[in-house]
Amino acid sequence: MYIERTIPFNVWVCFITSLASVQSKDNTYIDLSYPQSATTIYWPGQPRFNRTVVAKGSNENNVWIEVGAYNSGEHGGTHMDAPRHFYPTGFDLKDLPLERTIADGVMIDVRSEAEANIDYQLTVEKLLAWEENHGRLPPRAAVVVNNGWTSRWPDPLSFFGTKNGNNYTSFHFPIVSIEAAEWLLQNRDLKILALDVPSPDGATDDTFPVHQLLLSRNIIIVENVMVPNTLPARGFRFHAAPIRIEGGTGVQTRVYAILNDASSCANEIPPTFLLLLFLAAAAVFNYKRLAV
């Protein structure tokens with residue numbers, strides 16, 4: 001009983017997950033990104049994704065060769081907002097450190113709230129309630145907010161919550177309250193914010209408070225994330241791999257989660273706890289050896 005009351009719930013979860021991963025030969029990979037195509041949803045005013053064929057066919061040696069070219073706006077489909085997007089001295093995509101694109105992941109499920117209110121804002125109270133059920137958020141976490149908006153893709157009118165896809169002032173979708181963003185930053189050392197909606201800020205709020213708060217601290221934002229039902233509340237490693245573009249403020253990103261990744265718990269298990277486990281294992285081994 002003493003151990004149960006003094007060891008945090010999330011530490012036990014991570015310890016058990018780590019043991020399971022040792023027994024498993026393969027990790028489970030979950031794709032969290034939509035494919036890019038001519039029908040991919042983009043914010044109004046952004047150039048749409050377009051790919052053309054440069055060469056396609058067999059050469060004189062009967063070797064098949066296919067080459068294409070594409071152009072696109074930076075902010076469309078599943079994509080990353082680099083700090084430079086709203087912060088003039090923040091990292092662009094060329095200089096964004098790779099370690100800032102990988103983090104222990106958690107999924108905050110607010111589908112019922114967003115279904116009841118299309119303009120729902122993630123609250124501090126919801127985050128605290130999540131911790132009551134799943135344990136404390138990992139340090140330096142990637143927080144994935146699941147509003148249930150994946151079910152609306154790829155219909156742009158449904159995804160933007162509007163009848164006019166060219167008028168962003170008519171858009172309605174769930175967002176993140178500035179209070180929740182500040183709490184995550186100040187109390188849980190947020191590393192990445194990811195959402196299944198177009199933006200953490202309301203479409204008509206030209207001050208972009210959450211963008212400004214996070215990007216000015218070189219915390220990346222990943223938007224239009226695909227969140228399948230198989231993504232758990234915690235226990236996964238979140239990856240958002242952008243290409244390096246000099247001066248780039250955003251880019252289409254391959255986002256994915258790795259389940260059963262022991263490294264996703266490395267930051268959550270205190271060294272003293274690991275030492276106690278080692279000593280306990282050594283004691284059991286010596287007892288068995290002496291018994292023989």
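Here a biologist and a modeller talk through a predicted model.

Biologist: What is the mean pLDDT of the chain?

Modeller: Good place to start, as this is a predicted model. A pLDDT of 70 or more is reached by 80% of the residues. Over residues 1–6, though, the pLDDT is below 50. For the chain, the mean is 88.

Biologist: How many contacts beyond four places in sequence does the model have for residues 17–24?

Modeller: Take care with this stretch, where pLDDT stays under 50. Where pLDDT is low, the predicted coordinates should not be read in detail. With that in mind, the number of such contacts for residues 17–24 is six.

Biologist: Which helix gives the largest share of the largest nonpolar core?

Modeller: That core has 39 residues, and Leu193 is among those with the most contacts inside it. Several elements supply at least two residues each, including strand 5 (102–109), helix 4 (124–134) and helix 6 (178–188). The largest share is five residues, and it comes from helix 6.

Biologist: How many residues are in the other core, the one that lies apart?

Modeller: Happily, you can find some of its members by name: Met80, Leu93, Ala103 and Leu231 are among them. The size of this other core is 24 residues.

Biologist: Is Ala114 buried or exposed?

Modeller: Ala114 sits in helix 3 (residues 111–116). Further along or back in sequence, Ala114 touches Tyr120, Asn147, Trp149 and Pro174. Its relative accessible area is 2%. Buried means under 20%, so Ala114 counts as buried.

Terms used:
Residues are numbered from 1 along each chain as its sequence is written. This is a predicted model: local features need pLDDT of at least 70, side-chain atom pairs count only at pLDDT 80 or more; totals for chains, interfaces and linings use all residues. Side-chain values use heavy atoms; hydrogens and water are left out. pLDDT is the predictor's confidence in each residue, from 0 to 100. Contact means heavy atoms within 4.5 Å. A nonpolar core is a set of buried Ala, Val, Leu, Ile, Met, Phe, Trp, Tyr and Cys residues joined through side-chain atoms within 4.5 Å. Buried means under 20% relative accessible area, exposed over 50%, partly exposed in between (1.4 Å probe, protein chains only). Helices (H or I, at least four residues) and strands (E, at least two) are DSSP runs, numbered from the N terminus.
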